[in-house]
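This report treats strand pairing, burial and charged side chains in turn. The sequence and the coordinates are shown first.

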Amino acid sequence: MRILGLDVGSKTIGVAISDPLGWTAQGITTIRRSKKEQDIEEIKKLCKEYSVETIVIGLPKNMNGTIGESGERVLELSEIIKEATGIKVEMWDERLTTVAAHKAMLEADLSRGKRKKIVDKIAATYILQGYLDRLSMK
């Protein structure tokens, strides 16, 4: 059972994958966004490569829990991904995942340049790991 985690931004999509047992998340790549069709093709390719059964997408919410403009865009994209792949899509509250990713990288003493290159992949890992942790509690 492989689960794909996505952190969708306006310029990039961070991607993480679970181990086959669904216990741990690992960042695998960052997709540079271009055209929506091309972004979807990249995601489909990863789903096929890793035999993905579920896709977890971080849903950006406002701190009061409401869904703003960026959240609406992510929900729209999630529907397109679901239709294009035929794979179950789950949304995960991603509030503070990017903050947590930056904090972890600062603690690891990574340079600003390195942080910028991997922050989305790390945020996707946090999104997916949160989802996996919730699954393991059931």
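## An enclosed strand

In this predicted model, seven of the seven residues of β2 are buried, so the strand is largely enclosed by the rest of the structure. Burial extends to both faces of β2. On one side lie Thr12, Gly14, Ala16 and Ser18, and on the other Ile13, Val15 and Ile17, all of them buried. The division into two sets follows a general pattern: in a regular strand, side chains alternate between the two faces of the sheet.

Strand β2 spans residues 12–18, and β3 spans residues 25–32. These two strands pair in the antiparallel sense over seven bridges. Within that pairing, Ile13 has Ile31 of β3 as its bridge partner. The hairpin of β2 and β3 has six residues between the strands, and Gly22 in this hairpin adopts a positive phi near 75°. Strand β2 also pairs with β1, in the antiparallel sense and over five bridges. Here the bridge partner of Gly5 is Ala16 in β2. A hairpin of three residues joins β1 to β2.

## From β1 to β4 and β5

Which strand does β1 (residues 2–8) pair with in the parallel sense? The partner is β4, and the pairing covers five bridges. Gly5 stands opposite Val56 in β4, while Ala16 is the bridge partner of Gly5 in β2. Strand β4 covers residues 52–59, and seven of its eight residues are buried, so β4 too is largely enclosed by the rest of the structure.

Strand β4 also pairs with β5 (residues 88–93), in the parallel sense and over six bridges. One of the bridges places Thr54 opposite Lys88 in β5. Between the two strands, the chain passes through helix α2 (residues 69–85), and the resulting β-α-β crossover is right-handed.

## A buried aspartate in a loop

Asp19 is located in the loop between β2 and β3. Where is the nearest side chain of opposite charge to this buried residue? It belongs to Arg2, at a distance of 7.4 Å, and Asp19 has no salt bridge. The reason is geometric: a salt bridge requires a side-chain nitrogen of Lys or Arg within 4 Å of a carboxyl oxygen of Asp or Glu, and the separation from Arg2 is 7.4 Å.

The side chain of Asp19 instead reaches the backbone nitrogen of Thr24, at 2.5 Å. Leaving aside residues up to four places away in sequence, Asp19 touches Met1, Arg2 and Thr24.

## Salt bridges

In general, side chains of opposite charge can pair when their charged atoms come close. The whole structure contains six salt bridges. One of the salt bridges is formed by Lys36 and Glu76, whose closest N and O atoms are 3.4 Å apart. This pair links distant parts of the chain, with Lys36 in helix α1 (residues 36–49) and Glu76 in helix α2, 40 residues apart. Lys36 is partly exposed, at a relative accessible area of 35%, and Glu76 is partly exposed as well, at 47%.

Lys45 and Glu42 also meet in a salt bridge, with an N to O distance of 3.6 Å. Because Lys45 and Glu42 are three residues apart in helix α1, about one helical turn separates them. Lys45 is exposed, with a relative accessible area of 52%, whereas Glu42 is partly exposed at 33%. A further salt bridge joins the side chains of Glu90 and Lys88, at 3.4 Å from N to O. Glu90 is partly exposed, with a relative accessible area of 23%, and Lys88 counts as partly exposed at 45%. Lys88 is also the bridge partner of Thr54 in the pairing of β4 and β5.

## An exposed helix position

Is Glu37, which lies in helix α1, buried or exposed? Glu37 is exposed, with a relative accessible area of 55%. Its C-alpha atom is separated by 24 Å from that of Ile127, a residue 90 places away along the chain.

Definitions and conventions. Residues numbered from 1 in each chain as written. Predicted model: local features only at pLDDT ≥ 70, side-chain atom pairs only at ≥ 80, totals over all residues. Heavy atoms only, no water. Helix = DSSP H or I, 4+ residues; strand = E, 2+ residues; numbered from the N terminus. Buried < 20%, exposed > 50% of the residue type's maximum accessible area, 1.4 Å probe, protein only. Lys, Arg positive; Asp, Glu negative; His and termini not counted. Polar contact = N/O pair within 3.5 Å; in protein donor to acceptor, adjacent residues only side chain to side chain. Contact = heavy atoms within 4.5 Å. Pairing = 2+ DSSP bridges. Right-handed = clockwise from strand over helix to strand, strands pointing away.
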